[in-house]
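Reader: I would like the reasons behind the labels used for this model. Please set each value against its cut-off.

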Amino acid sequence: QLVRTADGSHLWSRNYDRKLADLFAIQDEIAGAVAEALIGALVPEAKAAIAKGGTTDVAVYDLYAKALALRSINSFESLAEADALLQQVLERDPKFVDAMLLQVNTWIGMANTGMFARAEAFERTAPVLDRIDAVDPGNATVLAYRAGMAAARGDDDTARALYERALAIAPQDVTVLLFYANFFDAEKPAERTKALELLARAGAVDPLNSLVFTIKVNVLLEAKQFDEADAAARHAVTIAPKNPYAYQQVGAVAMRRGDLATAFVWWRKSQAFDPTDHELAAELARYLDEMGQTAAAEAWIAKSLAIKPDNFYARSMQLRIAYEHGDDAGVLAQALPLIPRHAERRRDDWEAVMSDACFAAEALGKGDAFRAALTQARMLPASLTEQAVKAMATTEADAKHLVEHFEWLGPCAHGDGGQDLTRRAQLLATTKALLGKEWPGDNDYTPQYAAWLANDREDLIAKALAVDPSDIREPRAREAYLRSLGVADDPRIKADLAARRARLDANAARLLPLVAAEKVSLLP
């Protein structure tokens with residue numbers, strides 16, 4: 001039966017009584033009949049499109065359907081199970097296009113959650129996309145995946161062109177809509193509007209797809225529409241109660257409101273659905289340590305390392321926690337072996353680690369040696385000119401990324417404490433040349449560095465005070481960075497730092513009662 005939900009009117013119905021062997025023919029017939037009931041007779045091309053991408057093996061389709069359900073859960077275990085099922089599917093039917101597309105999507109999910117490096121996902125994906133092109137040239141979802149790979153390489157122009165091609169071919173393809181929506185920079189109002197338009201279209205086609213709402217949360221947070229973001233995140237939990245990311249997005253909204261205690265509770269709830277996620281365990285450690293629960297934090301770091309020994313995310317959190325505790329010698333000792341592990345970076349954790357380590361090295365009088373180690377590893381250019389930065393670039397860290405390392409390390413990267421105004425002006429020119437006319441953008445931290453490069457103290461202070469007041473994490477690192485910029489002694493900055501610490505202390509006081517009320521444990 002086909003019923004219009006708006007008014008309950010009956011549009012179409014038919015009975016089918018066939019053998020199981022006719023399953024796929026029945027599916028195609030039903031799809032065609034429903035389409036004709038909605039829009040009229042189908043042209044031959046449309047009928048062919050309905051039958052495209054499938055398989056004729058019922059057992060294979062059953063495995064595919066199970067993999068599809070597992071992929072939507074998006075936990076470490078469910079993604080691994082989906083991948084294993086899809087390997088079986090494609091061994092039996094190597095030309096099953098929809099299964100190949102789901103395999104690529106699963107690998108992207110595995111990379112996004114930290115099961116393996118993004119570079120490995122690209123290495124796995126490329127030959128599969130080529131095989132799909134051979135079977136189904138011009139597949140819109142393939143174009144969207146290639147667009148995502150281009151965007152990851154920093155080639156936004158190619159990515160945008162590929163997304164537009166994909167959208168023109170398949171304007172209602174949910175994967176295309178979601179990937180394209182995620183591509184837009186939500187910090188920019190115009191791009192944020194485009195992203196929300198694409199998400200609305202995806203939600204109309206697939207209202208039970210939790211990704212529509214988890215991505216929407218990220219977009220709304222950039223607009224500081226916290227109530228709407230919270231509603232979207234909670235709706236994602238409702239429609240996907242086993243998806244750990246949905247719970248984490250409720251926590252992300254709480255975090256942006258400065259409610260670190262509530263954020264911990266929701267991330268802790270998510271861990272029940274993703275117990276083998278080593279990054280999640282390390283993230284919980286960071287939350288707890290910042291609210292004074294050091295012993296519990298150490299237990300979660302140990303849990304993360306037990307799940308995946310020596311994983312970079314746990315090591316990075318370990319170091320950042322050590323820095324907040326004032327253990328500069330320990331920070332420096334931990335940082336040196338992490339320098340060559342830049343390729344394992346996740347969510348700027350390598351950069352944050354090296355920033356803490358640089359300030360620790362300066363405090364120990366070992367700043368020059370640490371900078372030399374970064375330069376030797378080709379992670380920090382020896383010269384500030386555009387040509388020198390480009391010459392030092394590698395496939396792992398291109399010129400744009402190298403110049404961003406200066407921003408993370410601030411004056412600590414300069415070797416002279418940043419006092420030489422000529423060097424500052426040179427780096428400002430190099431940064432603008434490499435990052436483009438839109439630099440420094442609208443995020444919280446880059447404008448501070450840009451104001452420092454321009455030697456505009458009052459603008460720098462204004463930019464520092466404008467950082468979202470809910471950003472209360474890692475107070476020692478924040479103060480060290482502002483000290484390196486030369487403004488930590490300003491009374492306005494001192495008052496702002498004190499206010500942020502007070503909000504963090506208030507969260508610490510709320511944590512234990514909230515954990516008890518929500519019946520979650522601090523410990524693994």
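Labels and their cut-offs

Reader: Why does Gly148 count as partly exposed?

Author: The relative accessibility of Gly148 is 22%. Partly exposed is the range between buried (under 20% relative accessible area) and exposed (over 50%), using a 1.4 Å probe and protein chains only, so at 22% Gly148 falls into it. The model is a predicted one: local features need pLDDT of at least 70 and side-chain atom pairs count only at pLDDT 80 or more, whereas totals for chains, interfaces and linings use all residues. Residues are numbered from 1 along each chain as its sequence is written, and side-chain values use heavy atoms, leaving out hydrogens and water.

Reader: Where does Gly148 lie, and which residue in contact with six others touches it?

Author: Gly148 is part of helix 7; helices here are DSSP runs of H or I with at least four residues, numbered from the N terminus. Tyr163 touches Gly148, along with Ala144, Ala147, Phe179, Tyr180 and Phe183, when residues up to four places away in sequence are not counted. Contact means heavy atoms within 4.5 Å.

Reader: What makes a set of residues a nonpolar core, and which members of the largest one touch the most others?

Author: A nonpolar core is a set of buried Ala, Val, Leu, Ile, Met, Phe, Trp, Tyr and Cys residues joined through side-chain atoms within 4.5 Å. The largest has 74 residues, and Ile132 and Tyr163 touch the most other members. Helix 5 contributes the most to this core, 10 residues. Another core, of 53 residues, lies apart from it and includes Phe312, Met354, Leu384 and Val487.

Reader: Which residues of helix 6 are buried, and what do they pack against?

Author: Ala121, Thr125, Val128, Leu129 and Ile132 are the buried residues of helix 6. They pack against helix 5 (97-112) and helix 7 (140-152). An α-helix has 3.6 residues a turn, so residues three or four places apart point the same way.

Reader: How do you know what span to expect of helix 6, and where does this helix bend?

Author: The expected span is 1.5 Å times one less than the number of residues. Helix 6 (118-135) has 18 residues and reaches 26 Å from first to last C-alpha, close to the 26 Å expected. There is still a bend of about 30 degrees at Thr125, with Pro127 following within four residues. That bend is the angle between axes fitted to the seven residues ending at a residue and the seven starting there.

Reader: Glu283 carries a charged side chain by name; is Glu283 buried or exposed?

Author: Glu283 has 7% relative accessibility and therefore counts as buried. Glu283 sits in helix 15 (278-290). Beyond its neighbours within four places in sequence, Glu283 is in contact with Trp267, Tyr313, Met317 and Arg473.

Reader: Why is helix 26 called largely enclosed?

Author: Seven of its 10 residues are buried, so helix 26 is largely enclosed by the rest of the structure. The buried ones are Pro475, Ala477, Arg478, Ala480, Tyr481, Leu482 and Ser484. Their cover includes helix 17, helix 19, helix 22 (399-409), helix 24, helix 25 and helix 27 (491-518). Just after helix 26, Gly486 has a positive phi of about 85 degrees.

Reader: What makes a space a pocket, and which residues lie nearest the centre of the second largest one?

Author: On a 1 Å grid over the protein atoms alone, a pocket is an open set of points with protein on both sides within 12 Å along at least five of seven lines; a cavity is a set where a 1.4 Å probe fits but cannot get out, and lining residues have an atom within 4 Å of a point. The second largest pocket has 13 lining residues, with Phe359, Glu362, Ala480, Arg483 and Ser484 nearest its centre. Helix 19 (349-363) and helix 26 (475-484) are the elements giving two or more residues to this lining. Helix 26 gives the most, five residues.

Reader: Which residues line the largest cavity?

Author: Its lining is Arg286, Asp289, Glu290, Arg320, Ile321, Glu324 and Glu474. Helix 15 and helix 17 (312-324) each give two or more residues to that lining.

Reader: Why is Arg347 called exposed, and Asn455 partly exposed?

Author: Arg347 has a relative accessible area of 54% and is therefore exposed. Asn455 is at 46%, and so is partly exposed. Arg347 is in the loop between helix 18 (328-335) and helix 19, with a positive phi near 50 degrees despite not being glycine. Asn455, in the loop between helix 24 (446-453) and helix 25 (457-465), has a positive phi of about 60 degrees and is not a glycine either.
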